Amino acid sequence: MATLTHDTAKVLTSRRTSGVALALLAAASFALSGPIAKGMIDSGWTAGAAVTARILIAGAVLVVPALVVLRGRWSLLRRNAGLVVAYSLIAIAGCQLAYFNAVDHMDVGVAILIEFACPVLVIGWMWLRHGQRPSRLTVIGAALAIAGLMLVLDLVSGADLDPIGVLWALGAMASAAVYWIISADEDNGLPGIVLAAGGLLLGGVVLLLAGLIGIVPLETSRADVVLAGSDVPWWLPVITLGVVTAGLAYVLGIAASRRLGSRLGSFVGLSEAVASVLFAWLLLDQAPAAVQFAGGALILVGVIAVRLGEPATEHAAEAPAP
């Protein structure tokens, strides 16, 4: 029994370590999307066109490997049709469209820091849905995160901040919370790459139809995109946006969250905020103000405190004994 317990602990440790590594890679991939999309928008693309191209390209890239993994188990896909629809409309299409509209009204670093207050929402869901009452440390951490959000919005100095951009960023925050919650669920038996491919394809089609009927503006441009002070052909950021920042990122993110659980996965995913600020600085020359850096640091401290105040049990950490 002692040997069995020791072996199980090693499996869980290995699973969590690989999950953290995958989460960091996913975060770095996701982080590129904001600066690239911002460059495309500045060159004539609308946010709707950028997010639609990103989703459709990623879905097209993943559809073949998803079919291989599915191996004809169509009943599994039918049983999880509602989950795939929710994932596509909220966690993928809704989140990306809200985020890209946010960066169309504000700096990338500010938008991503607002979005990544989403772990607080994940904690609230775990309390309401699963009865995991937050501890005192959790409440303190949530308060710190909210205070940090106020600094990120630069409300203290009274800076002129577009309220439309703030609303879009808050919508992205709520959608991101849904992403972590659905991605961490492996009880449905649906392979992660199948969930990603199905969600991306369906979300892309919905956005494309919305564009055709005029709900979502879809305007593209073949003008060069300025990134890092250099002009690059339009097709290069488009392909990168789809393959790297969506296709690769979503597969890695789902794999990571299923190893870490929605809470820990969302906390590790905060590294995307840091990476996004760095990429925005390098590619777009957008440096947040000092007060916004302080707010970002306070958000990170807050969500870490929330994590430490939560129960140690994680759904994704459960693994069968060897």
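**Cysteines**

I looked up cysteine 118 first and found it buried, at 0% relative accessibility. Buried stands for under 20% relative accessible area, exposed for over 50%, and partly exposed for what falls in between (1.4 Å probe, protein chains only). The model is a predicted one, where local features need pLDDT of at least 70 and side-chain atom pairs count only at pLDDT 80 or more, while totals for chains, interfaces and linings use all residues. Residues are numbered from 1 along each chain as its sequence is written, and side-chain values use heavy atoms, with hydrogens and water left out.

I then checked for disulfides, a disulfide being a pair of cysteine sulfur atoms within 2.5 Å. A search of the whole structure gave zero. Cysteine 95 is in no disulfide, and the nearest cysteine sulfur, that of cysteine 118, is 8.1 Å away. Why is there no bond from cysteine 118 to cysteine 95? The sulfur of cysteine 95 is the closest cysteine sulfur to that of cysteine 118, but at 8.1 Å it is too far for a bond. Cysteine 95 is also buried, with a relative accessible area of 8%.

**Whole chain**

I noted 13 helices and two strands in the protein chain; these are DSSP runs numbered from the N terminus, helices being H or I with at least four residues and strands E with at least two. Of the 322 residues, 50% count as buried. The accessible surface is about 14,100 Å², and carbon and sulfur atoms hold 70% of that. Accessible areas come from the Shrake-Rupley method with a 1.4 Å probe, and for residues only the protein chains shown count as cover. I also looked at contacts, meaning heavy atoms within 4.5 Å. Among those with a separation of 6 or more, 89% join residues 24 or more positions apart.

**Cores**

I looked next at nonpolar cores, sets of buried Ala, Val, Leu, Ile, Met, Phe, Trp, Tyr and Cys residues joined through side-chain atoms within 4.5 Å. The largest has 76 residues, and Met40, Tyr87, Phe100 and Tyr250 touch the most other members. Helix α5 (residues 81-103) gives the most to this core, with twelve residues. Apart from it lies another core of five residues, including Ala23 and Leu264.

I listed the partners of tyrosine 250, leaving out residues up to four places away in sequence; among them are Phe30, Tyr87, Tyr179 and Leu200.

Met40 took me to helix α2 (residues 33-42), where nine of the ten residues are buried. Met40 is one of these, as are Lys38 and Ile41. Just after α2, I found glycine 44 with a positive phi of about 125 degrees.

**Helix α8**

Methionine 150 is in helix α8 (residues 136-152) and is partly exposed, with a relative accessible area of 43%. Its C-alpha atom is 9.8 Å from that of glycine 296, 146 residues apart along the chain. Alanine 147 is in α8 as well, and is partly exposed at 29% relative accessibility. I read 8.9 Å between the C-alpha atoms of alanine 147 and glycine 302, which are 155 residues apart along the chain.

**Surface patch**

Which residues form a nonpolar patch on the surface? I found Val205, Leu208, Leu209, Leu212, Ile213 and Ile215, with about 610 Å² of accessible area together. Valine 205 lies in helix α10 (residues 192-212) and is partly exposed, with a relative accessible area of 40%. Patches take residues with over 30% relative accessible area and no salt bridge, joining like charges within 9 Å and nonpolar side chains (Val, Leu, Ile, Met, Phe, Trp, Tyr) within 5 Å. A salt bridge is a side-chain nitrogen of Lys or Arg within 4 Å of a carboxyl oxygen of Asp or Glu.
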